[in-house]
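Reader: I would like a close look at a single part of this model. Please take one stretch and say what surrounds it.

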Amino acid sequence: MPWMDQVGSLLKQYTSGGAAAATAPAQDVNAHFDQVAAAAPCSAIAEGLAAAFHSDQTPAFGNMLSGLFANSTGEQKAGLLNQLMANVTPAMLSSIAGGAGLAGLLKGGAPITPEQAQQVSPEAVQQIAAQAKQANPSIVDSVSSFYAEHTALCKTLGGAALSIALAKVAQRTQHA
């Protein structure tokens, strides 16, 4: 695969394992992530992001998503919310601050618009994400695929998360 030829040597420094990479991320981890994201298929990036979301070396899934959400455009916020909302019920939303308004959005059945998404707080997204993951753990993979399409935004996750993601991509290249 040509993409492995392009970034294989760069990824070798992440093959020592995700935990080691997370505790001491490479100084150039953002640049490395850019290089790998430009060369690798989205599926490889999504696997890496899922590993970071699942890692005990990073904050909880909801915390990480709230940060991504806070830095997203209206369209990205709407995309994320539509994925999350497909995995929660109005009853689940009632326990979330501001959830009543979100439950109203669910009842309409129409996708959440970028304008509506701008009205949702990152704190609410954190809670929705936690509820969605509890109801359907595969939401992590779905959200990872979504953010694999928005790699510049992923850099807001921080060095530890990016190092774990790169370690997972490196691991994938070893098994290919």
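Author: What follows covers one helix, one loop residue and one helix pair. The model is predicted, so local features need pLDDT of at least 70, side-chain atom pairs count only at pLDDT 80 or more, and totals for chains, interfaces and linings use all residues. Residues are numbered from 1 along each chain as its sequence is written, and side-chain values use heavy atoms, with hydrogens and water left out.

Helix H11 spans residues 139-148 (helices are DSSP runs of H or I, at least four residues, numbered from the N terminus). Seven of the 10 residues in H11 are buried (under 20% relative accessible area, 1.4 Å probe, protein chains only). These are Ile139, Val140, Val143, Ser144, Phe146, Tyr147 and Ala148. Their cover includes helices H4 (42-54), H5 (61-70), H6, H10 (122-135) and H12 (151-154).

Ile139 is also among the contacts of Asn87 (contact means heavy atoms within 4.5 Å). Asn87 sits in the loop between H6 (74-85) and H7 (90-93). Its relative accessibility is 17%, so Asn87 counts as buried. Beyond neighbours within four places in sequence, Asn87 also touches Met92, Ala132, Ala135 and Asn136.

Two of the covering helices, H5 and H6, also pack against each other, at an angle of about 150 degrees and with axes 9 Å apart. Axes are lines fitted to C-alpha atoms over the stretch in contact, and angles run from 0 to 180 degrees between N-to-C directions. From H5, Leu65, Phe69 and Ala70 meet Lys77, Leu80, Leu81 and Leu84 of H6.

Methods
Buried < 20%, exposed > 50% of the residue type's maximum accessible area, 1.4 Å probe, protein only.
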